[in-house]
Amino acid sequence: MTTAVSSELPVELQGFRRVQRLAYECAEAVAARLEPGVTEREAARMQREYLRERGVRDWFHLPFAWFGDRTAFVNFRIPLQFFPTDRALEPGMPFILDMAPVYEGHTADIGYSGSLGVNPVQDRLMADLEAHRELILREVRERRPLREIYENVDRLMARQGYANRHRAYPFGVIAHKVDRVKQRRFSPHLFGFGTQSLKGLAADALHGHREGWSPLWSPYRFSDHPPQPGLWAVEPHLGFRGTGAKFEEILVVTDSEDPEESAFWLDDDLPHVRRWAEEK
Amino acid sequence: MTLKGARERRLATGGVELCVAELGDPEAPTVVLVHGYPDSKEVWSEVAVRLADRFHVVLYDVRGHGRSTAPKPLRGGFTLAKLTDDFLAVVDAVSPDRPVHVVGHDWGSVQSWEFVTVGRTEGRIASFTSMSGPSLDHFGHWINARVKRPTPRRVGQLLGQGAKSWYVYLLHTPVLPELAWRGPLGRRWPKILQRVERVPAGDYPTASLPSDAAHGAWLYRDNVRARLTRPRPDAYAHAPVQLITPQGDAFLSERLYDDLEQWVPQLTRRTLPAKHWVPRTRPDQLASWIEEFIMSVDGGRPAPKATGRHADRFGGQLVLVTGAGSGIGRATTFAFAEAGARVVAVDRDAEAAARTAELSRLIGAPQAWAETADVSDEQAMEKLAEKVHREYGVLDVLVNNAGIGLSGSFFATTSEDWRKVLDVNLWGVIHGCRIFGARMVERGQGGHVVNIASAAAFQPSRALPAYSTSKAAVLMLSECLRAELAGQGIGVSAICPGIVNTNITSTARFAGADEAEERRRQKNSARLYGLRNYPPEKVAEAILEAVVHNRAVVPVTPEARGAHLLSRLMPGALRGLARVEPKV
């Protein structure tokens, strides 16, 4: 796995990387403050406050927090169930923090999985996510249709013995495009999603519809196209008997001919990647 | 009869002389086994020898039973207070420095409840395993609660237990019980136990039975009325308790233990599909549960905690699943693992089986193994069984799940196709039932066989002649085997899932189609099954339920239940449906 060295990164991407790092710092800081009895609502508020203090004014979506079997979206029927609840954290419980701040016009969308104390099942899930990160990058570089990559990720999950839980996201997406967002003084949000970002997504969807691609990477026919250049927030989410784990980070896709340059992870210095490196 | 290798001694206490037997290393943790009515310590002979290599096992004949002498006069000589004196005398003699682990069956459990709930034994008891004997105090409170608030359900529970207690009323009549036991009942009792309770024949009951039973009647007369009318209000257990409930107990309702948590702070529940005399009929299971419980108490760990449903039933049991590398087999292995069972995952694909076993360990299986075998290969199955029996033990539950799909018209199906599908789907089940089932029967301590048939077993279809034939055969095989094994306490269930989202479609053979066409159909049917999206986990749940309730035929998924109903009410409709050619 290679990533362009920071100095070579265009200024544009450096902005995205900055906000993604900020978001992961936030996740680690909040995770360190979690203790028994903290509720999902409180964890979501901690994330919001941390990022607001550091200058975040707009969101792709407001921070989420899922505890216990909600990390695997057990019995999720309607999208409202994604919002934080009063579920309190207990020792050994897995949790996932998911936030998408916009900072200086750059969007990040990250997912951070952890547990309060030891949770061997989630450790295993996290370890097994590495293969997914590699598979996605490899097949995007091969310019395979997104739908096919989605199915291959599905197959790998089934072989590992896990359930696909990103299917529970809106449109069952494993990834979606993110982009620059105009900074406005007033940035309302709709059902947890920032209106500016939704506008960008809608514009992309319209363009894509005319040109035969979609900003949503789904299992459906509208994703049956090669990877579209841009920034994709990729979020494979594994579930196993009431425990879930995911990572989410930005994959940069370019129209370069060189496979190495055609797709790369925006940043390789992230908590889950460091963890895998340590384990080796 | 004496226990093999037991060191016996006689202990004078409170006007009687008790016969105490000891097995095993006196340095090991001490387990005291207390027998019931009408029994003597020999009721534990099978369990005692199984525990003796890890524990210091102590058995004694309760006063008036076996080779212990009876108090004089009998009336008033069997009160729980005196039985507690006896117990303390035994414990002081065999384990003066360390608390003991108590195990009681029937009246042995009734009196052990007294031991574990009175103050003067505090610090002398490390743990208590109870089977088929409630605390008379808890029983009294149980009755009171139901009399005071007689909802229909509670009245039903009262009447149910009231009917099961018929013998208690009889034992309260004077003289007659003694006459019966010393006369015809005493002579016929061994045969009755064999026929009604399925207790294996042999050197149990012992020759002292008539006098044990006659003296023991005073256990009831001295205690039952007194305690049930005025139960102690402070009968809280001061040690961890493991409650083993036989589901088929003719004398005690399972409902008796519903409120037990309020009396026992650390309670571990176990249930067993067996009748009343579990120390005779299920010694292996009892020994393993007792051992596990004592180790967890002595190790300072809280009681074993498997989180899944039915952990009380499957904890520590040995379960083998074929085709455990994916789909229903894998989900079933996980469900058993979550219930605390030891699992053997068998699959053709070694890597997939290993994966299943590895994840099983993570979610609660105390032990999990992966084995590679093709179920259609008889020799491979023989070898597998030989290894399983040698290294892991005799199975408690066998799940014959491995199967393959085959679709296509009858005339497009070659004899090679037929052979393949029958080899796996039918012969695989036959081999499994025959090789593993035989050992279950031989052990004679029950078990369960689950065969995965299919809704296609009763829903004919022009598209699935070979597959449906194989599955119909599995269904009938299960029914016949169920009839044969019913007498041995071994249940057989046929599970008939409908359309379940597994990878059976992507490996299925489509007869009469070339390679490209076959791949296209595999993909399309996989997509259709994906749209239906019935998860294999739900089939796994149904399998566990089927084992717990010993169900004969279990259709899973609404379409399978519908087809099952139609096959009985309107078979014509199913025949009509069978003519439709599905478009994939």
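The crossing of helices H4(B) and H9(B) is right-handed, a label used when the near helix is turned clockwise from the far one by less than a right angle, with left-handed kept for an anticlockwise turn. This is a predicted model, in which local features need pLDDT of at least 70 and side-chain atom pairs count only at pLDDT 80 or more, while totals for chains, interfaces and linings use all residues. Residues are numbered from 1 along each chain as its sequence is written, and chains are lettered from A and ligands numbered from 1 in the order in which they are written.

In this first pair, H4 covers residues 136-148 of chain B and H9 covers residues 209-229 of chain B. Helices (H or I, at least four residues) and strands (E, at least two) are DSSP runs, numbered from the N terminus. The two helices pack at an angle of about 45 degrees, with their axes 8 Å apart; axes are lines fitted to C-alpha atoms, for helices over the stretch in contact, and angles run from 0 to 180 degrees between N-to-C directions. H4(B) is therefore oblique to H9(B) (angles under 35 degrees count as roughly parallel, over 145 as roughly antiparallel, 65 to 115 as roughly perpendicular and the rest as oblique). On the H4(B) side, Leu136(B), Asp137(B), Phe139(B), Gly140(B) and Ile143(B) meet Asn223(B), Val224(B), Arg227(B) and Leu228(B) of H9(B), where contact requires C-beta atoms, placed from the backbone, to lie within 7 Å. By class, this contact has five nonpolar, two polar and two charged residues (Ala, Val, Leu, Ile, Met, Phe, Trp, Tyr, Cys and Pro count as nonpolar, Asp, Glu, Lys and Arg as charged, and the others, Gly among them, as polar).

A second pair in chain B is formed by H2 (residues 80-94) and H3 (residues 107-117), which pack at an angle of about 80 degrees with their axes 10 Å apart. H2(B) is therefore roughly perpendicular to H3(B). Leu80(B), Leu83(B), Thr84(B) and Phe87(B) of H2(B) make the contact with Gln111(B), Glu114(B) and Phe115(B) of H3(B).

Taken as a whole, chain B has 22 helices and 17 strands. Its radius of gyration is 27 Å, which agrees with the value near 25 Å for a compact globule of 584 residues; this radius is taken over C-alpha atoms, and the globule rule is 2.2 Å times the number of residues to the power 0.38.

Some backbone details are worth a look. Most residues other than glycine have a negative phi, and most peptide bonds are trans. The peptide bond from Tyr37(B) to Pro38(B), however, is cis, with omega near -10 degrees, and Pro38(B) is found in the loop between strand E3 (30-34) and helix H1 (45-51) of chain B. The bond from Tyr204(B) to Pro205(B) is cis too, with omega near -5 degrees; Pro205(B) lies in the loop between helix H8 (184-196) and H9 of chain B. In chain A, Phe73(A) has a positive phi of about 55 degrees although it is not a glycine.

Where the chains meet, the contact takes seven residues from chain A and nine residues from chain B. H3(A) gives the most to the chain A side, with three residues.

Chain A averages a pLDDT of 91, and 97% of the residues score at least 70; pLDDT is the predictor's confidence in each residue, from 0 to 100. Over residues 1-7 of chain A, the pLDDT is below 50.

Methods
Two residues are in contact if their C-beta atoms, placed from the backbone, lie within 7 Å.
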